[in-house]
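Please open the structure in your viewer and keep the selection tool at hand. The stops below are meant to be taken in order.

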Amino acid sequence: SPGSRGAGMEAAVAPGRDAPAPAASQPSGCGKHNSPERKVYMDYNATTPLEPEVIQAMTEAMWEAWGNPSSLYPAGRKAKDIINAARESLAKMIGGKPQDIIFTSGGTESNNLVIHSVVKHFHANQTSKGHAGGHHSPVEGAKPHFITSLVEHDSIRLPLEHLAEEQVAAVTFVPVSKVSGQAEVDDILAAVRPTTRLVTIMLANNETGVVMPVPEISQRIKALNQERVATGLPPILMHTDAAQALGKQRVDVEDLGVDFLTIVGHKFYGPRIGALYVRGLGEFTPLYPMLFGGGQERNFRPGTENTPMIAGLGKAAELVTQNCEAYEAHMRDIRDYLEERLEAEFGQKRIYLNSQFPGTQRLPNTCNFSIRGPRLQGHKVLAQCRVLLASVGAACHSDHGDQPSPVLLNYGIPFDVARNALRLSVGRSTTRAEVDLVVQDLKQAVAQLENQA
């Protein structure tokens, strides 16, 4: 996620808030076209507005399905039906089975749930094998080992750092290649130990849009698991945080070969809840609850279900399944046009495209770039902009001031270039006319900063 899974937009006004109702699906069009107050939102990796159909599904659920989904009277049964239908829609969106989907409060919970489960499972296995005298069971006091990349979202990085500090787990943070921008398959395999239990690599980076080689990693881990099982070692599980990729490109759990996949609603025009896909939940892949309560979600995630939000998430997933190719083509066209206009207006020598790695696939909507110049730090440029609403990187890092994004530094972007970075992420309704407005806005912002000398 652009940063924050929970962070709202930097704009004080939700995009499209003062537009008439029919324009709700045109979030960037606040006010009239020639109005000086016109704002253009280009921070869709941070969060997206709700599609009108999503709002409608949520509103209907609030009116008609207010009952407790565990109850047998009509409003409760209606709620249960809505939840089941949403589960099917989510499963369809990612090519999985409905029974393998668990609803959560969002990406942060889904990611923590996976990590927490793997630790629990490691200890449960160690205890059961410890008495069997099996010579392959890890030594007493061994810790589960995790492999991840240096450019993951904070909701992966921080729980793993925390477990390492508490000496509950061992973690290897694999660097990304300065050439491909990806976490390399060979580096991940080289980090494997007998105690390795989980590899977690995001599907696409929220700041650069670089798509990671998750299918190749999964294939290699699968082959390695056959050898491990033959020698009595437990298999390594594979997780991907798909927050940024969903709704922008096709995501299929069979192609990816993952055991766990994180789903985040507010990245694909849905509400701020999420879900977790677990392959063969409870049968092939272990999951241990973090919460204990009324037994909802088959005890894996108890708590009375948030029916209206789940209804909205299901509708957002349905729209992605129906329209993903069209969304992707439109966003790619607008993003490419944006990069062309930037290079045309500022010159190729002044514009540094931080997210382009030759031969590496990236998200169709993400453009991370820097305008070279000693006074053109990203946050200063944004502060001068009158039209553009965007961010310097992950929204959850927006208070870091002059410090460049650690993610960009890990990508090998030079310090002075990274400090000037801006991340523009376009949406389903962004137009070429809006790109033109934004590029002109950036030109005036740069001129203003340079004239302050």
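What follows is a walk through two sheets, the helices that pack on them, and a few single residues.

This is a predicted model, in which local features need pLDDT of at least 70 and side-chain atom pairs count only at pLDDT 80 or more, while totals for chains, interfaces and linings use all residues. Residues are numbered from 1 along each chain as its sequence is written, and side-chain values use heavy atoms, with hydrogens and water left out.

**The seven-stranded sheet**

Begin with the strands in the order 2-8-7-6-5-3-4, which form an open sheet with mixed pairing; helices (H or I, at least four residues) and strands (E, at least two) are DSSP runs, numbered from the N terminus, and two strands pair if DSSP finds at least two bridges between them. Strand 2 (101-104) and strand 4 stand at the edges, and because each has a single partner strand, one side of each has no neighbour in the sheet. From one strand to the next, the twist averages 20°, where angles run from 0 to 180 degrees between N-to-C directions and axes are lines fitted to C-alpha atoms, for helices over the stretch in contact.

Now select strand 3 (residues 145-149), which pairs with strand 4 (residues 170-174) in the parallel sense over five bridges; within this pairing, Ser149 stands opposite Val174. Are the faces of strand 3 buried or exposed? His145, Ile147 and Ser149 on one side, and Phe146 and Thr148 on the other, are all buried, a word that here means under 20% relative accessible area, with exposed meaning over 50% and partly exposed in between (1.4 Å probe, protein chains only). In a regular strand the side chains alternate between the two faces of the sheet.

Add helix 4 (residues 154-165), which lies across strand 3, strand 4, strand 5 (196-200) and strand 6 (237-241) and runs at about 140° to strand 4.

**Helix 2 and helix 8**

Next, select helix 2, which packs on the seven-stranded sheet by touching strand 2, strand 7 (260-264) and strand 8, contact being heavy atoms within 4.5 Å. Then show helix 8 (residues 307-346) beside helix 2 (residues 74-94): the two pack at an angle of about 30°, with their axes 8 Å apart. Among the residues that make this contact are Ala79, Ile82 and Ile83 of helix 2, and Ile310, Ala311 and Leu313 of helix 8.

**The three-stranded sheet**

Helix 8 can stay selected while you display the open sheet of three strands in the order 9-10-12, whose pairing is antiparallel. Its edge strands are strand 9 (351-353) and strand 12 (421-425), each pairing on one side only, and the twist averages 30° from one strand to the next. Helix 8 packs on this sheet, touching strand 9, strand 10 and strand 12, and its direction makes about 10° with that of strand 10. Strand 9 and strand 10 (residues 366-371) pair over three bridges, and Ile351 has Ile371 in strand 10 as its bridge partner.

**Single residues to finish**

Go to the loop between strand 8 (274-278) and helix 8, where Arg298 is found; Asn299 is found in that loop too. Most residues other than glycine have a negative phi. Arg298, however, has a positive phi of about 50°, and Asn299 has a positive phi of about 75°. Arg298 is partly exposed at 45% relative accessible area, and Asn299 is partly exposed at 44%.

Last, select Cys367, which is buried at 0% relative accessibility, and Cys385, which is buried at 11%. How many disulfides are found in the whole structure? The search finds zero, a disulfide being a pair of cysteine sulfur atoms within 2.5 Å.
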